[in-house]
Amino acid sequence: MKRILSLVLVLALIASLGISTAFAADDGFVDGKFTETRKITVEIYNRNNDGGTDPTNNVWTEYLKKGMLEKYNVEVEYVSVGRWTETDDIAQLMADKQAPDISYTYGANTIISYANMKDENGNPGVIDLAPYLEEYKDYIGNVINLLGGEDNLYYDKDPATGAVWMIEGIRADTSRITTFIRKDWLDTLGLALPTTEEEFYNALVAFRDNADKLLGENADKMIPYTTSTDIGWRNDLMSISKVAEDIDDATLFVYGYDDRHLLVPGYKEGIRVLNKWYNEGLVWKDFGLYTDSTVEDDNMKAGYVGAFMHNWDYPFRNGEDCINLNLQRNVGENAMFVPIDCFQNDAGITRKYLGAAVGSDRKIFLPSTNKEPVASLLYIDFISSPETIKFLQTGEEGVNFTMTEDGAYQILPATGEWVKNSGNNIDYTMTCNGLYLGEATGATTALSYPGIPAEIVIQANEFGKNNGRYPAHYNVGTIEAETDVGSSLTAKRDELLTKAVTASVEEFDAVYDSNMEDYMNMGGQDIIDERIEKLQEVYGIAFEK
């Protein structure tokens, strides 16, 4: 509700300002540089990392500021936005007329909602980039190359109006989620790494039933399998394994609004399995009490957890404070979470539904309060250059990395001002998520987590995209029903899944179905219906429910 109210505030602001977003070429931009110094503000996530740096003022921001000033005569100021509250924060900044000139988010619908908020003169709340992209195409070659061509520059172009409200970033590495398990516990119990769901379940049961042997005096702290209230993300591989292999792309589009795959046929059965596990004492009983990862991470670091699903590199993140290194310090050098790939679908395939390189990561937009759209485009291009990306991801040789004989970057533990607040500095490389180092990328990935065996990193990355499927991209323009729901469906999804998992086995269907009915009544059904309508209208595909 808070986010919906924020959007209302933004609408009221835009209407009162009468902001004009009509295109006009910039006469002060001559021969690739501004004749007078321009100033822009740029959003940057604040993750509030322990031991991190000020995201608005550090060696990385100084590099970017210096580069933009020297190359384009543009001064850059960074505006801190909470990573986990970014939708609310940006909405409030827009309402306060303080939105960064360059803003970004993972939610396309949020941007479209702002664009749809017309003022009294009919001007949108977001700048239509289409004319700027055409006029200054020759100056944004880095963005075009990074996206893989000009077509992807217009990835989100509205087929009806021609408007472009956002520029997509790329996911340089499409690896997504991997399952991890305590190999030392398996070894102690004489069990092999699970290759099927049944074997995984049997391992969890063995962990539970041998708590005294595995944890001694801490046996009461045993957590065979841990998850969080973001059940959709944290158990995706389980749920997707219940989706039929022969499902077609049109069905995935129609039921694909939720990026956790909630509406995809068969999904419920994966949650049913998790509900069964919960009632058998295999799932962390207190997961629903916490909305951040601190307590859960501490459980893993202390050695109380047997298995989990998460981002493919989650147990390796944060250098010396990562889960695996803490686990080894607290338990012993053999203690380690290792990756497995065991959830097979009806065809015996460990299927993953992955986002394509373009379209599945962050989206960059310019609020209508932006008075420097050309300077903003140049910044987006600057951070998209291979040279800039390489520095932000690797730093300085001898300080942040050494080169190996085979040309890989051996990343060194970061300290002091060189600490990165996000993996590979993705908060600064907002157009690029994942290592982007040309031929050195693969070998460097394996060496990017100091203290973690390279073979473990490589396998976790491969498992996160093994048997990946990239559903087709249907550009049908704005789905109005999606822009109306704000974050309410996301919150309802998490509530639905948490209640369903923690219900008794006997009540599972009733709890799941009643909450799903609420979800549909809150806008879920309208989204499905409009997607069916647009699929027919734009592509001529008739879909039957």
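**Exercise 1. Overall build**

How many helices and how many strands does the protein chain have? Then judge its compactness and describe its extent.

*Solution.* In this predicted model, the protein chain holds 23 helices and 16 strands. The next step takes the radius of gyration, which is 24 Å and close to the 24 Å that the globule rule gives for 545 residues, so the protein chain is as compact as a globular protein of that length. Along the principal axes, the C-alpha atoms fill a box of roughly 75 × 60 × 40 Å. Turning to the surface, the protein chain exposes about 22,800 Å², of which carbon and sulfur atoms supply 47%, while buried residues make up 56% of the 545 residues. As for contacts with a separation of 6 or more, 77% of them are accounted for by residues 24 or more positions apart.

**Exercise 2. Domains**

State into which domains the protein chain is divided, and how many Å separate their centres.

*Solution.* Domain 1 is written as two segments, 33–172 + 360–387, and domain 2 covers 177–353. Taken over C-alpha atoms, the centres of domain 1 and domain 2 are separated by 36 Å.

**Exercise 3. A strand pair and its crossover**

Determine in which sense strands β3 and β4 pair, parallel or antiparallel, and then give the handedness of the connection between them.

*Solution.* Strand β3 (residues 38–46) and strand β4 (residues 74–82) pair in the parallel sense, over 9 bridges. Two positions illustrate the register: Thr41 has Glu77 in β4 as its bridge partner, and Val42 stands opposite Tyr78 in β4. From β3 the chain passes through helix α2 (residues 59–72) before it reaches β4, and this β-α-β crossover is right-handed. As to its surroundings, β3 is mostly covered, since 7 of its 9 residues are buried.

**Exercise 4. A mixed sheet**

Give the strand order of the open sheet that contains β12, and name its edge strands.

*Solution.* The 4 strands of this open sheet follow the order β5-β12-β6-β15, and the pairing is mixed. Its edge strands, each pairing on one side only, are β5 (103–105) and β15 (432–433). At the β15 end, strand β6 (residues 167–171) runs parallel to β15 and is joined to it by 2 bridges; Ile170 has Cys432 in β15 as its bridge partner.

**Exercise 5. The setting of Tyr304**

Is Tyr304 buried or exposed, and which residues does Tyr304 touch?

*Solution.* Tyr304 is located in the loop between α15 (294–302) and β9 (305–311). Its relative accessible area is 16%, and because buried means under 20%, Tyr304 counts as buried. Leaving aside residues up to four places away in sequence, Tyr304 touches Trp185, Leu215, Asn218, Lys221, Met222, Ile223 and Asn299. As a reference distance, Tyr304 and Gly423, which are 119 residues apart in sequence, lie 26 Å apart in space, C-alpha to C-alpha.

**Exercise 6. Positive phi outside glycine**

For Lys97 and Asn467, give the phi angle, the loop and the exposure class.

*Solution.* Lys97, a residue other than glycine, has a positive phi near 60°. Lys97 belongs to the loop between α3 (86–95) and β5, and with a relative accessible area of 48% Lys97 is partly exposed. Asn467, although not a glycine, has a positive phi of about 60°. The loop that holds Asn467 runs between α20 (454–463) and β16 (468–469), and at 31% relative accessibility Asn467 counts as partly exposed.

Definitions and conventions. Residues numbered from 1 in each chain as written. Predicted model: local features only at pLDDT ≥ 70, side-chain atom pairs only at ≥ 80, totals over all residues. Heavy atoms only, no water. Pairing = 2+ DSSP bridges. Right-handed = clockwise from strand over helix to strand, strands pointing away. Rg over C-alpha atoms; globule rule 2.2 N^0.38 Å. Buried < 20%, exposed > 50% of the residue type's maximum accessible area, 1.4 Å probe, protein only. Contact = heavy atoms within 4.5 Å. Areas by Shrake-Rupley, 256 points an atom, 1.4 Å probe, with all protein chains shown as cover. Domains from an automatic or database assignment.
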